[in-house]
Amino acid sequence: MRLDIVTPEKKAFSDEIESVVVPGIEGELGILKAHAPLVTTLAPGELRYMKDGEEISLAIGTGLVEISNDRVSVLTDMALEEKEIDESAVEKALESAQAAMAEKVSPEDVAAANVMIQKQLAQLHIKRRRRKL
């Protein structure tokens, strides 16, 4: 099946794969060939796909995933491989988002800060997990 991952800046990935797991708003969603058609919302987290027997992970942000005709299309505001993640910059952004959450702000600001925190944690997870392996 084909996986396309697109951000506003670039086509992050486009190739044939064996399977993919995406972070949906209701939890992880595993997708194999011949999956039923579906459109759902993504949550910030880890996207994992299998290609040639190897699992590859990306930190992704919010967006949509569409499954149809053995094609998975991921439209997201962030898709980063481990090598693209600057751990110190992520930690600073995480601290900034956590500080924004501590201030008395509107519900919309809290929601935006929460999404930012989730994105930063997804990046740290990808970056630090590789060190443990």
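Leaving aside neighbours within four places in sequence, which residues is L47 in contact with? Keep that question in mind; the tour reaches L47 at its third stop.

**Stop 1: the whole chain**

Show the full chain as a cartoon. This is a predicted model. The average pLDDT of the chain is 89, and 96% of the residues score at least 70.

Now look at the secondary structure. You should find two helices and 10 strands. Follow the chain along the sequence, and the pattern reads β-β-β-β-β-β-β-β-β-β-α-α. The radius of gyration is 15 Å, close to the 14 Å that the globule rule gives for 133 residues, so the chain is as compact as a globular protein of that length.

Turn the C-alpha trace along its principal axes. The trace spans about 50 × 35 × 25 Å. Switch on the surface next. Its accessible area comes to about 7,500 Å², and 52% of that belongs to carbon and sulfur atoms. Of the 133 residues, 40% are buried. Contacts also reach along the chain: among those between residues at least 6 apart in sequence, 51% join residues at least 24 apart.

**Stop 2: colour by confidence**

Colour the model by pLDDT. Which element of the chain has the lowest mean pLDDT, and which the highest? Helix 2 has the lowest, at 79. Strand 1 has the highest, at 98. Remember a caution here: where pLDDT is low, the predicted coordinates should not be read in detail.

**Stop 3: the largest nonpolar core**

Hide the surface. Select L3, V20, L47, Y49, V72 and V74. In the largest nonpolar core, which has 19 residues, these six touch the most other members. Next, highlight the elements that give two or more residues to this core: strand 1 (2-6), strand 3 (19-24), strand 6 (45-51), strand 7 (54-60), strand 8 (63-68) and strand 9 (71-76). Strand 7 gives the most, with three residues. The general tendency is simple: in soluble globular proteins, nonpolar side chains tend to be buried together.

Now centre on L47 and return to the opening question. Beyond its neighbours within four places in sequence, L47 is in contact with I5, V20, V21, V22, P23, I56, S57, L58, I60 and V74. Select those residues and look at how they are placed around L47. Another core lies apart from this one. That second core has 11 residues, among them A59, M78, L80 and I126.

**Stop 4: S19**

Select S19. This residue lies in strand 3. Is S19 buried or exposed? S19 is buried, because its relative accessible area is 17%, under the 20% cut-off. Show its contacts next. Leaving out residues up to four places away in sequence, S19 touches M1, I31, L32, R48, Y49 and M50. You have met Y49 already, in the largest nonpolar core.

**Stop 5: salt bridges**

Display the charged side chains. The whole structure has 11 salt bridges. Begin with R2 and E16, whose closest N and O atoms are 3.3 Å apart. R2 lies in strand 1 and E16 in strand 2 (residues 11-16), so the pair ties together parts that are 14 residues apart in sequence. R2 is partly exposed, with a relative accessible area of 24%. E16 is partly exposed too, at 40%.

Move to R71 and D4. Their side chains meet in a salt bridge, 2.4 Å from N to O. R71 lies in strand 9 and D4 in strand 1, so this pair ties together parts that are 67 residues apart in sequence. R71 is partly exposed at 36%, whereas D4 is buried at 8%.

Select R2, D4, E16 and R71 together. These residues are linked in a network of salt bridges.

One more pair: K83 and E81. Their closest N and O atoms are 3.9 Å apart. K83 is exposed, with a relative accessible area of 65%. E81 is partly exposed, at 30%.

**Stop 6: V115**

Finish in helix 2 (residues 107-132), where V115 lies. V115 is partly exposed, with a relative accessible area of 27%. Not counting residues up to four places away in sequence, V115 touches P44 and T62. Now draw a distance from V115 to S14. Their C-alpha atoms are separated by 26 Å. Along the chain, V115 and S14 are 101 residues apart.

Methods: Residues numbered from 1 in each chain as written. Predicted model: local features only at pLDDT ≥ 70, side-chain atom pairs only at ≥ 80, totals over all residues. Heavy atoms only, no water. Core = buried A, V, L, I, M, F, W, Y, C linked by side-chain atoms within 4.5 Å. Buried < 20%, exposed > 50% of the residue type's maximum accessible area, 1.4 Å probe, protein only. Helix = DSSP H or I, 4+ residues; strand = E, 2+ residues; numbered from the N terminus. Contact = heavy atoms within 4.5 Å. pLDDT = per-residue confidence, 0-100. Rg over C-alpha atoms; globule rule 2.2 N^0.38 Å. Areas by Shrake-Rupley, 256 points an atom, 1.4 Å probe, with all protein chains shown as cover. Salt bridge = Lys/Arg side-chain N within 4 Å of Asp/Glu carboxyl O.
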